[in-house]
Amino acid sequence: ILRNLCLMGPKKNVKRTMMAAAISLVTAQAFAETDNVRLVVSSYKDSLTPEYGLVSQSSTTNDVCVNAPNLDAKWCVDGELAKGNGKVSQASVSQRSLDTRVIELDSYGYSAAFIAKKLRETGQFDEVVVDVPITHSYSFTQTQPIKTLQDHYFGDSSEFPSGSNVYGAAALIGTPTGENVDVLVLDSSFYDTDDVVYHPGSGRSFVTTNGDTPNDDYRPRDTTGCDGHGLSVAGIVGGTIDNGKGGDGVTNAVNIHPIRVMTCGEGYLSDVSRALSWADEGDGTLFSGETSNASPYEGDVGIINISLSGYTGSPDSEDDAVTGCPIYMQEAINALKAKGWGITVGAGNNYGAQANEYSPSNCEGVITVGALESSGDKASFSNAGDVTVTAHGVSMITSCGENDDNYCTVSGTSMSSPLVA
């Protein structure tokens, strides 16, 4: 189980580093730390396309249950979640859709991985996985803004090895015309400041821990221990340019949507998928059987940045647990890509670990971004392997707290990704 660390807010001139702690993969009987386990169950269902009318689904109505080896525990899942078997009596065109739900079961002292394995072995579901814990990982130092630091990543690569030539592109394009681009920042700890201006009415929360329901309040529930990571990411994308405060964003021709999917840098991958499904459907539709108080998405197709990760396992592992990008994430990404969305994802900061062991960087169709030092070399903290592109990721100037005067130099693939976005 991936354990996460959440840092207290920054103190002046003190550098703090947030990183994932030790990872323990448990696939046998093991005592869980909590009384409940959180799983994600997914099954494909078939139905007729509208021109052929509706199809009657002959679904499993009895619960799907498994017993512990010593018969000292029993876990059951609603039979409606079992694989779809719609009956079609004529030649017809069918559509396949994914039915996904997050379930919580009493652990009875067994690990989540063990229970998920037992349910997979029934063959009744297309996928049963532990809901992946996610975190963001980066370092920051509160500082006075030094805009010359931005030359390293906004300057021309002929002069600055890790430069992206943002200055050159801005000079070539001139004043942007037309509609702003919608950029959805899926993250946590979004504070309101004058330097980073969010698109009016755009904020949402898709956190479902502690009894929360998706809603329109993107702000942290409790600022204690929160570090402004989402604000920092948003500032890299579109911090107000040349206003005499902090650092500049890449452009102000954007509508920044603060989308909270974690609490103080900790959360679950299923909540990221909820946000993606919301952006796709536009009407607040999430996983089946769930309710949402989140208002519909009213923007246009644009860019989504996801600066977070969770360990899903090595594809080369002999562990029979499901590894790689969960199908509920991949299906949500596929739907967005089909409509023209671009999705940037931080490769993760596990010091050279393989990016394909972490999600969503191991999902197909995303732009996985690694980090560079000012020298142009790979940053030591950046994950490697299946990385789409690299960008500057050290000592980047951005906002970092509730106070408008709080600015930090930040490092991590969390910051490389919005530079690419």
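Are tryptophan 75 and phenylalanine 114 buried or exposed? Both of them are buried, tryptophan 75 as well as phenylalanine 114. Keep in mind that this is a predicted model.

**View 1. Tryptophan 75 pairs up with tyrosine 108.** The structure holds 14 aromatic pairs, and here is one of them: tryptophan 75 with tyrosine 108, a tilted pair. Their ring centres are 6.3 Å apart, with 50 degrees between the planes. Tryptophan 75 belongs to strand 4 (residues 74–77), while tyrosine 108 comes from the loop between strand 5 (94–106) and helix 1 (112–120), so the pair ties together parts that are 33 residues apart in sequence. Tryptophan 75 has just 1% relative accessibility, so it counts as buried, the cut-off being under 20%. Tyrosine 108, on the other hand, is partly exposed, with a relative accessible area of 45%.

**View 2. Tryptophan 75 also meets phenylalanine 114, this time edge-to-face.** Here the centres sit 6.4 Å apart and the planes make an angle of 75 degrees. This pair links distant parts of the chain too: tryptophan 75 is in strand 4 and phenylalanine 114 is in helix 1, 39 residues away.

**View 3. Four rings join into a cluster.** Zoom out a bit and you'll find Trp75, Tyr108, Tyr110 and Phe114 linked by ring pairs.

**View 4. Arginine 38 sits over a ring.** Its charged end is placed over the ring of tyrosine 268, 4.4 Å from the ring's centre.

**View 5. Arginine 96 lies over the face of tyrosine 44.** For this arginine, the distance to the ring centre of tyrosine 44 is 3.7 Å.

Methods: Residues numbered from 1 in each chain as written. Predicted model: local features only at pLDDT ≥ 70, side-chain atom pairs only at ≥ 80, totals over all residues. Heavy atoms only, no water. Phe/Tyr/Trp six-rings, centres within 6.5 Å; stacked < 30°, edge-to-face > 60°. Helix = DSSP H or I, 4+ residues; strand = E, 2+ residues; numbered from the N terminus. Buried < 20%, exposed > 50% of the residue type's maximum accessible area, 1.4 Å probe, protein only. Lys NZ or Arg CZ within 6 Å of the ring centre and 35° of its normal.
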